[in-house]
Amino acid sequence: MEPVIQEETTGCGIAASATLAGVSYAEAKRKANALGIYAADTSLWSETTPVRKLLWEFGISVSPKETPFESWESLPDKALMAIKWRMEQGKKFWHWVVFVREGGEAKVLDSKKALKSNVRRDFGRIKPKWYIEVSN
């Protein structure tokens, strides 16, 4: 699985969905926009519904619940994760990333354009709040 880089500052949910679906950012954005999901809408990174809806359209099954992060070892082999979690004016916000364990190797696929590498293994620096298990 390869990371998809977000083409909009606030497009991490679209990029994470594209990563899981194995499509380009542009393709995921077209599908998201057709569903009424836009990168500029704060609900994309403050609620789970828009990303769940987009993943459903791609045929990707995810857990109906958010599971609190406990340890990297306890994560499922594939998960959508909330990192950089914070409260702003009483509203929750986060950055979406994808965790994947392939061939025994764990990594985080982070869509942020400014990163030196979008495949992250610096687990001590990543502070997940919770995750959503991805079934397929």
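Okay, let me start with one residue: Ser46 is buried, with a relative accessible area of 10%. Keep in mind that what we're looking at is a predicted model.

So where does Ser46 sit? You'll find Ser46 in the loop between H2 and H3. And what does its side chain reach? The side chain of Ser46 gets to the backbone oxygen of Thr42, at 2.7 Å. Leaving out residues up to four places away in sequence, Ser46 touches Lys91, Lys92, Phe93 and Trp94.

Now the sheet. We've got an open sheet of 6 strands, and reading across, the order is S1-S6-S2-S3-S4-S5, with antiparallel pairing. S1, residues 67-68, and S5, residues 119-120, are at the edges; each has a single partner strand, so one side of each has no neighbour in the sheet. As for the helix side of things, H1, residues 12-21, packs on the sheet and touches S2 (78-88), S3 (91-102) and S4 (105-109). The direction of H1 makes about 20° with that of S3.

Let me go through some of the pairings. S1 pairs with S6, residues 130-133, in the antiparallel sense over 2 bridges. Thr67 has Tyr131 as its bridge partner in S6. On to S2 and S6: these run antiparallel and are joined by 4 bridges, and here Leu80 has Ile132 in S6 as its bridge partner. Then S2 and S3, which pair in the antiparallel sense over 9 bridges. If you want one pair to click on, take Lys78, whose bridge partner in S3 is Val100. S2 and S3 form a hairpin with 2 residues between them, and in the turn Gln89 has a positive phi of about 50°.

Next, the inside. The largest nonpolar core has 31 residues, and the ones with the most contacts inside it are Ile14, Leu20, Leu44, Leu80 and Trp96. Who supplies this core with at least two residues each? That would be H1, H2 (25-34), H3 (49-57), S2, S3 and S6. H1 gives the most to this core, with 6 residues.

Let's zoom in on Leu20. Not counting residues up to four places away in sequence, Leu20 touches Met1, Leu55, Ile60, Lys78, Leu80, Val98 and Val134. So two names come back here: Lys78, the one with bridge partner Val100, and Leu80, which is also on the list of residues with the most contacts inside the core. There's a second, separate core as well, with 10 residues, including Trp72, Ala79, Phe99 and Val108.

Last stop, H2. Its buried residues are Tyr25, Ala28 and Ala32. Why do they end up on the same side of H2? Because they cover an arc of only 65° around the axis. What covers them includes H1 and H3. Turn to the face of H2 that points away from the buried side, and you get the exposed residues Arg30 and Ala34. After H2 comes Gly36, with a positive phi near 85°.

And that takes us back to the loop between H2 and H3, where we began with Ser46.

Technical notes. Residues are numbered from 1 along each chain as its sequence is written. This is a predicted model: local features need pLDDT of at least 70, side-chain atom pairs count only at pLDDT 80 or more; totals for chains, interfaces and linings use all residues. Side-chain values use heavy atoms; hydrogens and water are left out. Two strands pair if DSSP finds at least two bridges between them. Contact means heavy atoms within 4.5 Å. Axes are lines fitted to C-alpha atoms, for helices over the stretch in contact, and angles run from 0 to 180 degrees between N-to-C directions. A nonpolar core is a set of buried Ala, Val, Leu, Ile, Met, Phe, Trp, Tyr and Cys residues joined through side-chain atoms within 4.5 Å. Buried means under 20% relative accessible area, exposed over 50%, partly exposed in between (1.4 Å probe, protein chains only). The arc is that of the directions from the helix axis to the C-beta atoms. A polar contact is a pair of N or O atoms within 3.5 Å; within protein, one must be able to donate a hydrogen and the other to accept it, and residues adjacent in sequence count only if both atoms are side-chain atoms.
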